[in-house]
Structure formats: structure tokens, C-alpha cells
Amino acid sequence: MQSTPEEEPIDVSVLIPVLDEGATIEATVAAMTAQRFPGRVEFLFADGDSGDDTRERLEALARRDPRIRVLRNPLRGTASGLNVCLRAARGEFVARMDAHTYYPDDYLALGVERLRRGGTTWVAGPQAPEGRGTISEAVTIALASPLGRGASRKWGDEAAPDAEFELDTGVFCGVWRRADVLRHGGWDEGWPRNQDSEMAARFLRAGERIICLPAMSARYLPRNTLRGLWRQYRGYGTYRARTALRHPTSLRRSALLPPLLVLDVAAAVAAPVRPLRRLAQLGAGAYLAVVLTAVARALGARRSRSALAVGLVLPTMHLAHGAGFWAGARRWGLPWRALLVAAGLPARPDERGPYDGGVSAQSLTAADEA
């Protein structure tokens with residue numbers, strides 16, 4: 001008896017949380033469904049009860065393309081949307097894709113092929129910012145420098161641009177075996193931001209490797225307003241603090257710059273004694289000099305308003321991230337062990353073996369909602 005298309009095995013399930021994407025959802029779907037993969041793929045869209053016509057447009061697309069399935073994400077968050085899709089996924093492999101990112105058409109094929117070769121449980125590509133607008137282009141320029149990207153390798157490896165390399169918790173989307181993501185508990189829904197980084201920390205502490213393939217580089221559009229950039233990086237900082245509290249070895253030394261900068265600026269303005277204020281003002285001046293050097297280099301490469309705006313973008317990114325870090329520390333507690341580890345001091349983080357502290361993933365156990 002011949003099987004129906006619905007009964008045939010799925011190779012890859014693509015997990016896509018969406019919210020209020022009506023204006024661009026057709027273009028998003030067209031780009032994602034153009035994947036060249038030698039097997040069966042399904043595209044699962046978890047709509048967070050959008051206030052626009054996102055769901056209606058997705059359902060119309062699903063009627064024309066049986067590979068598309070539309071699910072409801074009642075909790076509306078990114079992590080819950082991913083878990084809704086993960087629960088409904090029928091593929092041996094799963095891949096995360098975001099609505100504002102453009103993936104190469106062999107993204108799935110490359111990720112699955114590398115997983116099948118073994119030696120890793122997570123395969124991702126570099127995150128490649130593509131500016132559209134003055135501030136967005138300035139963010140792209142800033143992220144091309146160590147001052148903007150820190151020590152994260154998710155932006156690519158300039159020393160070996162064509163060779164695969166390992167990542168830490170600085171990750172961007174990826175491809176996995178579905179069983180491996182389930183084994184680690186899925187995405188923690190207590191992380192509205194940094195949910196991939198938190199999950200990566202669980203993979204890494206279990207002794208698993210995260211591999212980055214340059215050929216899987218995915219282009220994303222940075223924020224094009226300083227206000228939007230501030231909110232984005234403040235959120236990153238807040239949940240970076242929470243991730244550091246749960247996983248002390250996940251905090252890089254370069255991640256200490258933003259919270260230290262916030263402390264320095266506060267001391268330069270309000271330190272109770274003049275010598276301390278003066279010392280902090282010297283520190284702020286040194287930081288400003290470094291930023292101005294970055295602006296000069298950007299202007300040397302391309303004279304434009306975007307290059308000049310790097311002088312606004314870098315402090316926005318650093319101060320927002322630092323302010324968010326301290327907000328997170330105030331909310332959940334100071335990740336003092338992570339700070340000691342990042343500073344190179346002994347802290348006995350005790351992160352041997354798989355994480356067993358529990359993961360909040362209620363959308364994995366809730367009833368499927370179409």
C-alpha cells in the first residue's frame with residue numbers, strides 16, 4: 001500500500017516563531033521555502049496571537065504549500081514559540097529560523113550533512129549583519145570591530161574564514177537532531193532574550209561541541225534606531241546576567257566591559273569623593289578615545305553618515321548592555337561566580353556533567369494548538 005504524503009517521513013522541521021509580521025511574511029516564507037534540500041522539509045510557524053493579519057496570510061500560504069503548518073503560540077514569546085514548533089515537529093532534524101534573517105538556500109543541507117558526519121550536536125552559521133539605513137549600517141560597521149563584537153566568534157573567524165570552528169555560548173540559530181534538543185529540555189521560556197545562549201550553555205557543560213560553518217552564514221537586519229538598539233542590547237544584558245547566574249563559565253571576559261563601563265560613568269558623575277570621581281573620569285575619557293579611534297577608522301574606510309554614527313552606536317550598545325546586566329543582577333542576584341571566572345580568579349563553578357537544575361518549557365508539554 002502506497003503511503004500518503006502526510007505519512008511519509010519528514011527529514012527536517014524548520015521552527016519559526018512569528019508575531020505581527022503581516023507586512024513581510026510573504027517575502028519571509030518565500031525565502032525560507034526556497035531551501036534546496038534532498039529530502040522532505042516542513043515549515044512550522046508558531047504565531048503569537050498577532051494583532052495584524054499574520055496568521056491569515058500564513059494560513060493562505062499553507063493552503064498553497066502543504067509543507068507549511070501554522071500553530072498557535074499562546075504565550076507569545078520566542079522560546080515558547082520554538083517549543084510549540086518542537087513539540088509538533090515530525091522531522092529527525094530541526095532547524096531554527098528567524099523572520100528577519102536571510103539564510104543561504106543550502107543552510108539546511110549543510111547543517112544536516114555536518115551533523116550526520118558526527119562529532120557535534122549543534123551546527124550553526126555566522127551571524128552576518130546587513131545594514132539598511134544610517135543606524136543599521138553603523139551597527140554593521142561597529143560589529144566588524146573587536147570593540148563591537150567582543151570575543152564572540154559567532155560573527156565569523158577572520159583567521160580561518162573558510163574552515164569550520166567551535167563556538168561558545170555566542171550562537172545564532174542552528175540545526176540539531178530533534179532528539180538532542182528534547183534531551184536537553186528545549187528552550188527555556190524564562191529567557192525572552194538569549195534563549196539560544198542559555199541552551200548552548202547546557203549543551204557545552206555536557207561536553208558537547210557546537211560547530212560553526214562559514215558557508216551557513218545568515219544575514220540579519222540590525223535595528224535602525226538608537227532607541228530600538230538600546231532596548232535590544234538592554235534585553236541582551238539582562239538575560240546575559242541570568243545566564244551567567246545559572247552557568248558561571250558562560251560569561252566571557254570581554255563581556256565585563258559593558259557593566260564596568262556603566263559603573264565607571266556612574267562614578268564619574270556621582271562618586272562621593274573627588275579622587276574617585278577623577279579616576280572614573282579618566283576611565284571614561286579613555287573609553288571615549290577608543291570610540292573616537294573606531295570612528296576615525298570607519299571614516300577612513302568609508303566617508304558617510306553611517307561611519308560617523310558609529311560614535312553613537314558603540315556607546316549605546318555598551319551602556320545598554322551594561323545597564324541591562326545590572327538590572328538582571330538586581331532582579332535575580334549578582335552572578336558573582338561568573339564574574340570571578342571571567343576575571344580569571346578561582347570560583348569553583350562546579351559545572352561538570354549535564355545541567356540538572358530544571359528547564360521551564362511548558363509549551364513542550366501543553367496540548368498542540370493549531
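What covers the buried residues of helix 11? Keep that in mind as you open this predicted model.

**Stop 1: helix 11**

Select residues 274-301, which make up helix 11. The end C-alpha atoms are 41 Å apart. That agrees with the 40 Å that 28 residues should span at 1.5 Å a residue. Now colour Ala280, Tyr287, Val291, Ala294, Val295 and Ala298, which are buried in helix 11. Their cover includes helix 5 (134-142), helix 6 (146-149), helix 10 (257-270) and helix 12 (305-332).

Next, pick Leu282 in the helix 11 run. Leu282 is partly exposed, with a relative accessible area of 48%. Add Val273, Leu276 and Leu279: with Leu282 they make a nonpolar surface patch of about 370 Å².

**Stop 2: from helix 11 to helix 5**

Move to Arg302, in the loop between helix 11 and helix 12. Arg302 forms a salt bridge with Glu137, and the closest N and O atoms are 3.5 Å apart. Glu137 sits in helix 5, so this pair links parts of the chain 165 residues apart. Both ends are partly exposed: Arg302 at 39%, Glu137 at 26%.

**Stop 3: more salt bridges**

The whole structure holds 25 salt bridges. Select Arg57 and Glu26, whose side chains meet at 2.7 Å, N to O. Arg57 lies in helix 2 (residues 54-64) and Glu26 in helix 1 (residues 25-32), so the pair ties together parts 31 residues apart in sequence. Arg57 is partly exposed at 31% relative accessibility, and so is Glu26 at 33%.

Then show Arg209 and Glu166, a salt bridge with its closest N and O atoms 3.1 Å apart. Arg209 is in the loop between helix 8 (195-205) and strand 10 (210-212), while Glu166 is in strand 8 (residues 165-166). Finish with Asp188, Glu198, Arg202 and Arg246, joined into one network by salt bridges that share partners.

**Stop 4: a three-stranded sheet**

Which strands are at the edges of the open sheet ordered 5-11-7? They are strand 5 (101-102) and strand 7 (127-129), each pairing on one side only. The pairing in this sheet is mixed. Strand 5 and strand 11 (residues 218-220) run antiparallel, joined by two bridges. Select Tyr102 to find one bridge partner, Arg219, in strand 11.

**Stop 5: Glu42**

Is Glu42, in strand 2 (residues 41-47), buried or exposed? Glu42 counts as buried, at 1% relative accessibility. Beyond its neighbours within four places in sequence, Glu42 has contacts that include Arg67, Arg69 and Arg90. Ile10, Val12 and Val14 are also among them.

Conventions
Residues numbered from 1 in each chain as written. Predicted model: local features only at pLDDT ≥ 70, side-chain atom pairs only at ≥ 80, totals over all residues. Heavy atoms only, no water. Patch = residues over 30% accessible without salt bridge, like charges linked within 9 Å, V, L, I, M, F, W, Y side chains within 5 Å. Areas by Shrake-Rupley, 256 points an atom, 1.4 Å probe, with all protein chains shown as cover. Salt bridge = Lys/Arg side-chain N within 4 Å of Asp/Glu carboxyl O. Helix = DSSP H or I, 4+ residues; strand = E, 2+ residues; numbered from the N terminus. Buried < 20%, exposed > 50% of the residue type's maximum accessible area, 1.4 Å probe, protein only. Expected span 1.5 Å × (residues − 1). Contact = heavy atoms within 4.5 Å. Pairing = 2+ DSSP bridges.
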